[in-house]
Amino acid sequence: VFRTSNITVDMDLVRQIEAKYPAFLFKQQLTAFVEGLYGMIRDNVKKELSALLLHAIQVPRIMKASMVRRSFGSSSLRGRSFSNQGSYWLAIVDNLNELLNILRENCVPAIFIRKIFTQIFSFINAQLFNR
């Protein structure tokens, strides 16, 4: 998911550490860097999931519209649409599993993982209920 992302550091973050407060300045730089990574990961996941969610939401609408136009006896149409919808949801779950595995492999603290997934699931809920 994110292995192809280029991580760039804003040069404003890399300041000369003053001799008086090196730990405080290091903490500020580290915090800014982690916040940047966190935002980048969250935004990349949202971008990837948006297309899948759109298709997963559109499939039932297309199925419902075609059922109104056709007779309800056409079981092949219903089966095909359901499998398409199921495949979109499986792709979403696969993306989330891949993200979780990448975060675990890179020893990301559990609190960050929880925060990322909380925001991702909030995004998914908003997409589902706003369409």
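**Close-up views of a three-helix chain**

**View 1. The largest nonpolar core of this predicted model****.** The largest nonpolar core holds 16 residues, and those with the most contacts inside it are Leu-49, Leu-96, Leu-99, Leu-103, Ile-116 and Ile-120. Two or more residues of this core come from each of helix H1 (22-69), helix H2 (75-105) and helix H3 (110-129). Such a core is a set of buried Ala, Val, Leu, Ile, Met, Phe, Trp, Tyr and Cys residues joined through side-chain atoms within 4.5 Å, where buried means under 20% relative accessible area, exposed over 50% and partly exposed in between, with a 1.4 Å probe and protein chains only.

The model is predicted, with local features needing pLDDT of at least 70 and side-chain atom pairs counting only at pLDDT 80 or more, whereas totals for chains, interfaces and linings use all residues. Residues are numbered from 1 along each chain as its sequence is written, and side-chain values use heavy atoms, with hydrogens and water left out.

**View 2. The surroundings of Ile-120****.** When neighbours within four places in sequence are left aside, Ile-120 is in contact (heavy atoms within 4.5 Å) with Val-45, Leu-49, Leu-96 and Leu-99.

**View 3. The salt bridge between Arg-42 and Asp-43****.** A search of the whole structure finds one salt bridge, a term for a side-chain nitrogen of Lys or Arg within 4 Å of a carboxyl oxygen of Asp or Glu. In the pair formed by Arg-42 and Asp-43, the closest N and O atoms are 3.5 Å apart, and Asp-43 is partly exposed, with a relative accessible area of 41%.

Definitions and conventions: Helix = DSSP H or I, 4+ residues; strand = E, 2+ residues; numbered from the N terminus.
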